[in-house]
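Here is a short briefing to read alongside the structure. Take a moment with the view, then follow the bullets by topic.

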Amino acid sequence: MSGTSMVVLIVLISVGFGVLYDMYKKHLEFKEKTLNHNQDSDKQNQALRQQVSALEERVQVLEKIVTDEGYNVQKEINKL
């Protein structure tokens with residue numbers, strides 16, 4: 001093997017490993033980004049669940065008020 005071919009081979013191997021290393025770094029960055037995104041979405045889901053449960057409680061209170069007999073009587077009085 002001549003000196004020129006050894007130099008070319010060393011350069012190709014160095015460039016190849018450099019490209020593979022960059023690809024691996026990008027892969028790790030992508031995994032970290034997706035993990036952070038999943039954690040953020042979990043926090044948002046929890047906040048939305050709390051908000052929905054609070055709204056359900058409010059709707060139940062409103063249903064009790066509307067179905068109460070006193071409410072119907074008050075409504076009839078207001079019509080007069």
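**M6 and its surroundings**

M6 counts as partly exposed because its relative accessibility is 42%, a value between the 20% limit for buried and the 50% limit for exposed. Please keep in mind that this is a predicted model.

- M6 belongs to helix α1, which covers residues 3-67.
- M6 is also one of the residues that make a nonpolar surface patch of about 1100 Å².
- The other contributors to this patch are M1, V7, L9, V11, I13, V15, F17, V19, L20 and M23.

**Overall fold and shape**

- The protein chain contains two helices and zero strands.
- With a radius of gyration of 34 Å, well over the 12 Å that the globule rule gives for 80 residues, the protein chain is more spread out than a compact globule.
- The C-alpha trace of the protein chain spans about 110 × 20 × 10 Å along its principal axes.

**Surface and burial**

- How much of the protein chain counts as buried? The share is 0% of its 80 residues.
- About 7800 Å² of the protein chain is exposed, and carbon and sulfur atoms supply 61% of that area.

**The annotated region**

- An unreviewed UniProt entry lists residues 38-65 as "coiled-coil region".
- In the model, residues 38-65 are 100% helix and 0% strand.
- The C-alpha atoms at the two ends of residues 38-65 are 41 Å apart.

How values were computed:
Residues numbered from 1 in each chain as written. Predicted model: local features only at pLDDT ≥ 70, side-chain atom pairs only at ≥ 80, totals over all residues. Heavy atoms only, no water. UniProt positions renumbered as here; feature names shortened; annotations may be inferred. Helix = DSSP H or I, 4+ residues; strand = E, 2+ residues; numbered from the N terminus. Patch = residues over 30% accessible without salt bridge, like charges linked within 9 Å, V, L, I, M, F, W, Y side chains within 5 Å. Areas by Shrake-Rupley, 256 points an atom, 1.4 Å probe, with all protein chains shown as cover. Salt bridge = Lys/Arg side-chain N within 4 Å of Asp/Glu carboxyl O. Buried < 20%, exposed > 50% of the residue type's maximum accessible area, 1.4 Å probe, protein only. Rg over C-alpha atoms; globule rule 2.2 N^0.38 Å.
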